[in-house]
Structures are given as C-alpha cells and as structure tokens.
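Colleague: I'd love a close look at the inside of this one. Could you walk me slowly through the enclosed space and then outwards from there, in plain bench language?

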Amino acid sequence: MKLSTMHDLFVAQLRDIYSAEQQITKALPKLARAAANATLAEAFRSHLLETEGQIGRLETIFGILDVSSRGPKCKGMEGLLAEGADTVRAEGANEVIDAGLIADAQRVEHYEISAYGSAKALAALLGYKQIGMLLEETEVQEVATDMKLTAIALNEVNPAALGMHAAA
Ligand code: FE
Ligand code: FE
C-alpha cells in the first residue's frame, strides 16, 4: 500500500471499510442465532440487510472512483468479531450472554461510525459530494443501530440479565 496523496489514503480507508463490512455480513447471522432475546436477534437480522446495502453503496463508490475494492483484511474488525465469537461460544446464562453480545456489537458499530466519519471527512476534503452523501447514508444507519442496541440493552436485556443474580 502506497500513501502518497490524500486520494490514496481515501481509497485505502474505503477498502478497509469494505473488508470490515464483508466480515460483518458473515458474523451477523451467527450473532442472530446466538441471541436468546427475540428483539435482539431481529436487530441483528435487520442490520444484516442494511449491511448488504452498505456494501452495495461502497461498490457504487469504487465504481465512481474507478478503482478496485480489493485491499488488506481489516484487522480491527477481525479482532472485534473474534471477541464477539468468544461471546457466542460462551456458556452460562442466556440473558447475560445477550448483554455481552450487545456490548460486542456496539464496539463494532462505534468502529464503523468512526471509519465512516473519517471517510466522509476525506470525501469532503477531496470534493466528492455524491460519495460523501453515500457515506453519510451508511453512517446514519450505523448510529441508528447503535442507539437501537442501547435501547434493547436498557429496556430488555440488561434488566433480565440482572435478575440472574436472584436466580443464581
Ligand atoms: Fe456497516
Ligand atoms: Fe453496522
């Protein structure tokens, strides 16, 4: 990878996000299957559909830039998803595991919000208005997903998981 210009950096950042999103599409079905809470499982499934659309938006962006989407594997996302896989494999109380899945998934969303924020800033710097709008659309979905996960934790999963103390 050569980073001589801000355009090089922009493309490298987009490829990293593309790799991250592809890894996420493989992980979300596993998270959905692992979730005991139906609202949480549904949130993972609906975010999988959104993520497929996000990959489509990135492909549109690579088309506009006339560059390949291929790049190194996103190691940050690989690490975050490895932690999620540890939680999926965990034994114990379903409600507590669900709370752990939410914590793992929110790390993923925050990584994405950060990555799209940086990419959006580079798009603005380089004068790519349409690309900036596409990145913004995805960023809005990531923020909404993060907020939805917070609501599921606060309203359903965390109170249920806390009750496991009484049951234990
Ligand atoms: Fe995403
Ligand atoms: Fe996401």
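**The enclosed space and its surroundings**

Modeller: Happy to! The largest cavity holds about 100 Å³ of space. Please keep in mind that this is a predicted model. The structure has one cavity of 30 Å³ or more. Fifteen residues, written as 15 in the count, line the largest cavity, and those closest to its centre are Leu28, Phe44, His47, Ala105 and Glu109. Helices H1 (6-34), H2, H4 and H5 (129-162) are the elements that each give two or more residues to this lining. Sorted by class, ten of the lining residues are nonpolar, three are polar and two are charged.

Two of those central names lead straight to a metal. His47 gives its NE2 atom to the iron ion (ligand 2), and Glu109 is listed twice, through OE atoms, among the donors of that ion. Glu112 (OE) and Glu142 (OE) complete the list of protein donors, with distances of 2.0 to 2.6 Å. If you want to find these residues in the sequence, the donors of the iron ion (ligand 2) follow the spacing H-x61-E-x2-E-x29-E. Take histidine 47 and glutamate 112 as a pair: histidine 47 sits in helix H2 (residues 38-65) and glutamate 112 in helix H4 (residues 94-126), so that distant parts of the chain, 65 residues apart, are linked. Histidine 47 and glutamate 112 are both buried.

Now for the second metal. The iron ion (ligand 1) has as its donors Glu21 (OE), listed twice, together with Gln54 (OE1), Glu112 (OE) and Glu142 (OE), at 2.0 to 2.3 Å. Along the chain these donor residues are spaced E-x32-Q-x57-E-x29-E. Glutamate 112 forms a bridge between the iron ion (ligand 1) and the iron ion (ligand 2), and the two ions lie 3.2 Å apart. Glutamate 21 in helix H1 and glutamate 112 in helix H4 are 91 residues apart, another link between distant parts of the chain. Glutamate 21 is buried, as is glutamate 112. Glu142 is worth a glance too: Glu142 is named among the donors of the iron ion (ligand 1) and among those of the iron ion (ligand 2).

From the metals, let's move outwards to the charged pairs. Side chains of opposite charge can pair when their charged atoms come close. The structure holds five salt bridges. In one of them arginine 57 pairs with glutamate 137, with 3.4 Å between the closest N and O atoms. Arginine 57 belongs to helix H2 and glutamate 137 to helix H5, so here again distant parts of the chain are linked, 80 residues apart. The partners differ in how they are covered: arginine 57 has a relative accessible area of 15% and is buried, whereas glutamate 137, at 43%, is partly exposed.

Another salt bridge joins the side chains of glutamate 136 and lysine 120, at 3.0 Å from N to O. Glutamate 136 is in helix H5 and lysine 120 in helix H4, so this pair ties together parts that are 16 residues apart in sequence. Both ends have some access to the surface: glutamate 136 is partly exposed at 35% relative accessible area, and lysine 120 is partly exposed at 23%. Glu139 comes in here as well, since salt bridges with shared partners join Lys120, Glu136 and Glu139 into one network.

One more salt bridge brings together the side chains of lysine 73 and glutamate 78, 3.2 Å apart from N to O. Lysine 73 is partly exposed, with a relative accessible area of 47%, and glutamate 78 also counts as partly exposed, at 36%.

I'll finish with a residue in a helix we haven't visited yet. Leucine 81 is part of helix H3 (residues 75-89). Its relative accessible area is 17%, so leucine 81 counts as buried, the limit being under 20%. Setting aside neighbours within four places in sequence, leucine 81 is in contact with Gln23, Ile24, Ala27 and Val108. For a sense of scale, leucine 81 and lysine 2 are 79 residues apart in sequence and 27 Å apart in space, from C-alpha to C-alpha.

Note on methods:
Residues are numbered from 1 along each chain as its sequence is written. Chains are lettered from A and ligands numbered from 1 in the order in which they are written. This is a predicted model: local features need pLDDT of at least 70, side-chain atom pairs count only at pLDDT 80 or more; totals for chains, interfaces and linings use all residues. Side-chain values use heavy atoms; hydrogens and water are left out. Donors are N, O and S atoms within 2.8 Å of the metal (3.2 Å for Na, K and Ca); water is not among the atoms, so sites may look incomplete. Helices (H or I, at least four residues) and strands (E, at least two) are DSSP runs, numbered from the N terminus. Buried means under 20% relative accessible area, exposed over 50%, partly exposed in between (1.4 Å probe, protein chains only). On a 1 Å grid over the protein atoms alone, a cavity is a set of points where a 1.4 Å probe fits but cannot get out, and a pocket is an open set with protein on both sides within 12 Å along at least five of seven lines; lining residues have an atom within 4 Å of a point. Grid points are joined across faces, edges and corners, and a volume is the space filled by probe spheres set on the points. Ala, Val, Leu, Ile, Met, Phe, Trp, Tyr, Cys and Pro count as nonpolar, Asp, Glu, Lys and Arg as charged, and the others, Gly among them, as polar. A salt bridge is a side-chain nitrogen of Lys or Arg within 4 Å of a carboxyl oxygen of Asp or Glu. Contact means heavy atoms within 4.5 Å.
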